[in-house]
Amino acid sequence: MAGTHRLPRWAHDLGAGDRTAMAEVATAFRLVHRTIVAPDWTGTARTTEADRALRTRTLCDHGVHGLLDSFRPLMVWRPPVLHVRYPEDRDLHLGGRGVRLIPSHFCWNTPIALADPTLPQVLAYPVAHPATWAPQATRDKRAEALATVIGRTRSRVLTCLESTATTGEIARRLGISAPSASEHVSALREIDLATSRRVGAHVVHTLTPLGAALLSGDLPVQPSVVASGLSPVPAAVRR
């Protein structure tokens with residue numbers, strides 16, 4: 001077929017179940033998750049849940065036809081066929097099986113479907129991202145909001161404790177007096193956002209789990225919120 005390329009050797013090894021190849025891929029996935037996904041997981045879940053809530057509301061108010069029509073321009077619903085922007089031209093006949101629609105934070109430009117038409121069909125589609133979205137932008141905005149709630153200096157002290165510090169180190173890093181740094185740490189400690197312990201001649205301050213969660217915005221999210229989808233039943237999907 002024109003435009004196709006031979007798979008690399010490692011892909012054949014992976015398909016054959018080679019343990020070394022599988023271990024290398026698993027390691028790569030862990031590195032990507034730790035570096036890219038985990039630092040902004042709360043923002044990812046929030047964006048995905050917002051889309052899911054919108055689609056659910058549309059389904060309740062306007063039914064399956066209204067839901068499928070809401071995906072324009074990514075997908076165009078012309079009953080009984082759902083036309084999807086896709087890299088290749090192909091038809092998928094569902095035969096009453098239905099298709100599960102899953103909002104995806106990391107899917108861009110076009111939806112993604114399973115290559116095997118015999119499997120229960122899943123269609124992951126990209127959610128809308130705010131124009132200013134980026135992990136660092138999200139972090140900066142969160143820090144600004146935190147400063148509004150607890151005060152700018154105390155917010156900076158809380159951030160400083162992310163890597164642990166003594167009272168003197170906090171004072172030097174933030175350009176404040178040692179008594180002021182001590183006062184802010186004491187206030188954070190009283191509401192269980194910081195903890196202190198003596199290490200040799202120094203008292204070292206660090207964040208508690210609650211303090212770390214407040215700083216990162218990493219609130220608990222049920223996995224089902226991100227993983228679940230909606231399952232309308234179009235007659236066919238054209239990709």
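H6 and H7 sit roughly perpendicular to each other (angles of 65 to 115 degrees earn that label, under 35 is roughly parallel, over 145 roughly antiparallel, and the rest oblique). Helices (H or I, at least four residues) and strands (E, at least two) are DSSP runs numbered from the N terminus. The model is predicted, so local features need pLDDT of at least 70 and side-chain atom pairs pLDDT 80 or more, while totals for chains, interfaces and linings use all residues. Residues count from 1 along each chain as its sequence is written, and side-chain values use heavy atoms, without hydrogens or water.

**Exercise 1. Warm-up**

Work out how many helices and strands the protein has, and what share of its residues is buried.

*Solution.*
- Start with the tally: there are nine helices and ten strands.
- Next comes burial (under 20% relative accessible area with a 1.4 Å probe, protein chains only; exposed is over 50%, partly exposed in between). Of the 239 residues, 32% make the buried class.
- Finish with contacts (heavy atoms within 4.5 Å). Take those between residues at least 6 apart in sequence: 57% of them link residues at least 24 apart.

**Exercise 2. H6 against H7**

At what angle do H6 and H7 pack, and which residues make the contact?

*Solution.*
- The angle is about 110 degrees, and the axes are 8 Å apart. Axes are lines fitted to C-alpha atoms, for helices over the stretch in contact, and angles run from 0 to 180 degrees between N-to-C directions.
- On the H6 side, look for Thr167, Ile170 and Ala171.
- Facing them from H7 are Ala178, Ala181, Ser182 and Val185.

**Exercise 3. Bring in H5**

How is H5 oriented relative to H6, and how is it oriented relative to H7?

*Solution.*
- Take H6 first. H5 covers residues 152–160 and H6 covers 167–174; the two pack at about 120 degrees, with axes 10 Å apart.
- That angle is why H5 and H6 count as oblique to each other.
- Now find the touching residues: Arg156, Val157 and Cys160 of H5 meet Ile170, Arg173 and Leu174 of H6.
- Turn to H7. Here H5 packs at about 75 degrees, and the axes are again 10 Å apart. So H5 is roughly perpendicular to H7.
- In this pairing, Thr153, Arg154, Val157 and Leu158 of H5 meet His184, Val185, Ala187 and Leu188 of H7.

**Exercise 4. Follow two H5 residues**

Which residues do Arg154 and Val157 contact, once neighbours within four places in sequence are set aside?

*Solution.*
- Click on Arg154, which lies in H5. Its contacts are His184, Ala187 and Leu188.
- Check how open it is: Arg154 has 24% relative accessibility, so it counts as partly exposed.
- Try a distance too. Arg154 and Ser180 are 26 residues apart in sequence, and their C-alpha atoms are 9.8 Å apart in space.
- Then move to Val157. It touches Ile170, Leu174, Ile176, His184, Val185 and Leu188.

**Exercise 5. Find the cores**

How many residues does the largest nonpolar core have, and which helices each supply at least two of them?

*Solution.*
- Know what you're hunting: a nonpolar core is a set of buried Ala, Val, Leu, Ile, Met, Phe, Trp, Tyr and Cys residues joined through side-chain atoms within 4.5 Å.
- The largest one has 16 residues. Those with the most contacts inside it are Val157, Leu158, Leu161, Ile170, Leu188, Leu207 and Leu215.
- H5, H6 and H7 (178–190) each put in at least two residues.
- Apart from that core lies another, of 15 residues, including Trp77, Val84, Leu101 and Ala113.
- As background, nonpolar side chains tend to be buried together in soluble globular proteins.

**Exercise 6. Check the backbone in the loops**

Is the peptide bond from Arg72 to Pro73 cis or trans, and is the phi of Asp192 positive or negative?

*Solution.*
- The Arg72 to Pro73 bond is cis, with omega near 0 degrees. Pro73 lies in the loop between H3 (41–69) and E1 (75–78).
- Go on to Pro79 and Pro80, which are also joined by a cis bond, with omega about 5 degrees. Pro80 belongs to the loop between E1 and E2 (81–84).
- Last stop: Asp192 has a positive phi of about 65 degrees, although it isn't a glycine.
- You'll find Asp192 in the loop between H7 and E8 (194–199). Its relative accessibility is 45%, so it counts as partly exposed.
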